[in-house]
Amino acid sequence: MSKSKTITLEEKHGANNYAPLSVVLVKGEGCKVWDEDGKEYIDFMSAYSAHNAGHNNPVLMKAFLEQAQKLVLTSRAFYNDKLGPFLDTLCNVTGLDMALPMNTGAEAVETAIKAARRWGYRVKGIPENKAEIIVSSGNFHGRTTTIISFSSDEDDKTDFGPYTPGFKEIPFGDADALEKAITLNTCAFLTEPIQGEGGIIIPEEGWLRNVREICTKNNVLLILDEIQSGMGRTGKNFAYEHEGITPDGLTLAKALGGGLLPVSAFVARRDILELFEPGSHGSTWGGNPLAAVVGKVAIEYMVEEKLSERSAELGAYLLEELKKINSPYIRDIRGIGLWVGVDIDPDKISAKEVCMRLKEAGILAKETAGTILRFAPPLVIDKALLDESIKRIRSVFAEI
Ligand SMILES: Cc1ncc(COP(=O)(O)O)c(C=O)c1O
């Protein structure tokens, strides 16, 4: 099937809810992907950080294939022998007590919202239907009707109302605003520790520690969405480790599925998650044995292969080298771990145009928040390939 035919079919029969770069990928291995003409690219996108362990990772793939041939889905109507060990690993690595497995990131966030509200009513004593959750401006937590209700991005929300009430927005990274916004009916503060879709927005050092203190003092749950920042991306297993705190609840997805299948979870303290009883929440596929095996191996691989250390070391190098580019088209460069945002001056060139030029040079990246190039290669990338990538990025800016 020719390239144009593939794209034509997708455009004819698929809803127009994405604006992909014009490349049709057919194969992936490690940090590289290939299109249908055999052209090779370095993946600087990692499927929005789902591929931290690289495409087709042999360790993860072996575990996946072995389990796929044995038992894939039981539903939670019965126990399976893989879920318990997965939850145990998840709790040990996060320092939390219990986990509720789901599939996609948005489902994990929905689970967190339900858990926080229930805790608010049953433990904190908030009057019925009055629970409030405070969220950050510029957030991205997914696309369900409830989640878009507290998005600050109009594109996410337009003509999808009526919106779910019960959310209050404060500026991202502003601990004073959090303290002021809390009322007796506040059950939780839900935030990304570092905003990914928002454009790799890194708050000031100390903010999360302050937030932790404010939440504890006011009996408000701190729920961190580490769906994108977690699993080694920022140079620690989880971004909250940079500030030496532990949240009360945590959402994980993306790289938890090892780039092989959707695996997500809401992980939390026991007094929060024990409030669910049979029938109060669930998912046909959530906690299936195949996902449980992959999730467990993805965590073990991250720890054993020291992916976060790699991310910290190579990320610092990438940031330093990119800062040397010194192009008038770049307004700002910031990053943490192998997660770098390059802010392109839209008056001079669009970030999308830069992505198209990078694609020609064999680097796949995608703009976010309009003007930001997000560079997030798999964490298994080695120095030689990173150097090759930097060389190509540099030459694209030189050509522009
Ligand atoms: C921080 C964060 N939360 C939630 C989500 C939603 O995850 P999913 O697309 O798997 O529903 C994303 C996806 O980009 C995300 O970055």
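**Exercise 1. Asn-219 and its surroundings**

Task: In this predicted model, decide whether Asn-219 is buried, exposed or partly exposed, and describe its backbone.

Solution. Step 1: count the C-beta atoms around the residue; Asn-219 has 14 others within 10 Å. Step 2: compare with the cut-offs, which are 20 or more for buried and 12 or fewer for exposed. Asn-219 is therefore partly exposed. Step 3: place the residue in the chain; Asn-219 sits in the loop between α9 (207-217) and β8 (221-225). Step 4: read the backbone angle. Phi of Asn-219 is positive, about 55 degrees, although the residue is not a glycine.

**Exercise 2. The loop between α7 and β6**

Task: Find which peptide bond involving Pro-162 is cis, and describe Asp-159 in terms of phi and exposure.

Solution. Step 1: locate the residues. Pro-162 belongs to the loop between α7 (154-157) and β6 (167-170), and Asp-159 lies in the loop between α7 and β6 as well. Step 2: check omega; the bond from Gly-161 to Pro-162 is cis, with omega near 5 degrees. Step 3: check phi. Asp-159 has a positive value near 60 degrees and is not a glycine. Step 4: count neighbours. Asp-159 has 4 C-beta neighbours inside 10 Å, so it counts as exposed.

**Exercise 3. Strands β1, β2, β3 and β13**

Task: Trace the pairing from β1 to β13, giving the sense of each pairing and the turn residues with positive phi.

Solution. Step 1: begin with β1 (residues 25-29), which is joined to β2 by four bridges and runs antiparallel to it. Across this pairing, Lys-27 is opposite Trp-34 of β2. Step 2: examine the turn. The hairpin of β1 and β2 has two residues between its strands, and Gly-30 has a positive phi near 60 degrees.

Step 3: move on to β2 (residues 32-35) and β3 (residues 40-43), an antiparallel pair joined by three bridges. Val-33 has Tyr-41 in β3 as its bridge partner. This hairpin has four residues between the strands, and in the turn Gly-38 has a positive phi of about 85 degrees.

Step 4: follow β3 to β13 (residues 363-364). This pairing is parallel and covers two bridges; Ile-42 is partnered with Ile-363 in β13.

**Exercise 4. The two domains and the core between them**

Task: Describe the contact of domain 1 with domain 2, then explain why the largest nonpolar core lies between them.

Solution. Step 1: set the bounds. Domain 1 covers 3-53 + 306-399, and domain 2 covers 58-304. Their centres, taken over C-alpha atoms, are separated by 26 Å. Step 2: count the contact residues, which are 26 from domain 1 and 23 from domain 2.

Step 3: break down the domain 1 side. The elements that give two or more residues to it are α2 (46-49), α12 (307-323), β11, β12 (340-344) and β15 (372-375). Among these, α12 gives the most, with five residues. By class, the domain 1 side has 14 nonpolar, 10 polar and two charged residues.

Step 4: turn to the core. The largest nonpolar core has 107 residues, and Ala-116, Phe-189, Leu-221, Ala-265, Val-294 and Ala-298 have the most contacts inside it. Helix α11 (residues 289-304) is its largest contributor, giving 10 residues. Both domain 1 and domain 2 give residues to this core, so it lies between them.

Step 5: inspect one of the core residues. Leaving out residues up to four places away in sequence, Val-294 touches Leu-60, Ala-63, Phe-64, Gly-257, Gly-258, Leu-260, Leu-261 and Val-263.

**Exercise 5. The shell around the ligand**

Task: State which residues come nearest to the ligand, and give the make-up of the shell.

Solution. Step 1: list the nearest residues. The ligand has 15 residues around it, of which Gly-105, Ala-106, Gly-142, Ile-227 and Gln-228 come nearest. Step 2: assign the shell to elements; helix α5 (residues 105-124) supplies the largest share, three residues. Step 3: sort by class. The shell consists of six nonpolar, six polar and three charged residues.

**Exercise 6. Asp-332: sequence and space**

Task: How many residues separate Asp-332 from Ala-291 in sequence, and what is their distance in space?

Solution. Step 1: place Asp-332 in strand β11 (residues 330-335). Step 2: compare the two separations. Asp-332 and Ala-291 are 41 residues apart in sequence, and their C-alpha atoms are 39 Å apart. Step 3: classify the exposure. Asp-332 has 14 other C-beta atoms within 10 Å, so it is partly exposed.

Conventions:
Residues numbered from 1 in each chain as written. Predicted model: local features only at pLDDT ≥ 70, side-chain atom pairs only at ≥ 80, totals over all residues. Core = buried A, V, L, I, M, F, W, Y, C linked by C-beta atoms within 7 Å. Domains from an automatic or database assignment. Contact = placed C-beta atoms within 7 Å. Pairing = 2+ DSSP bridges. Near = placed C-beta within 6 Å. Nonpolar A, V, L, I, M, F, W, Y, C, P; charged D, E, K, R; others polar.
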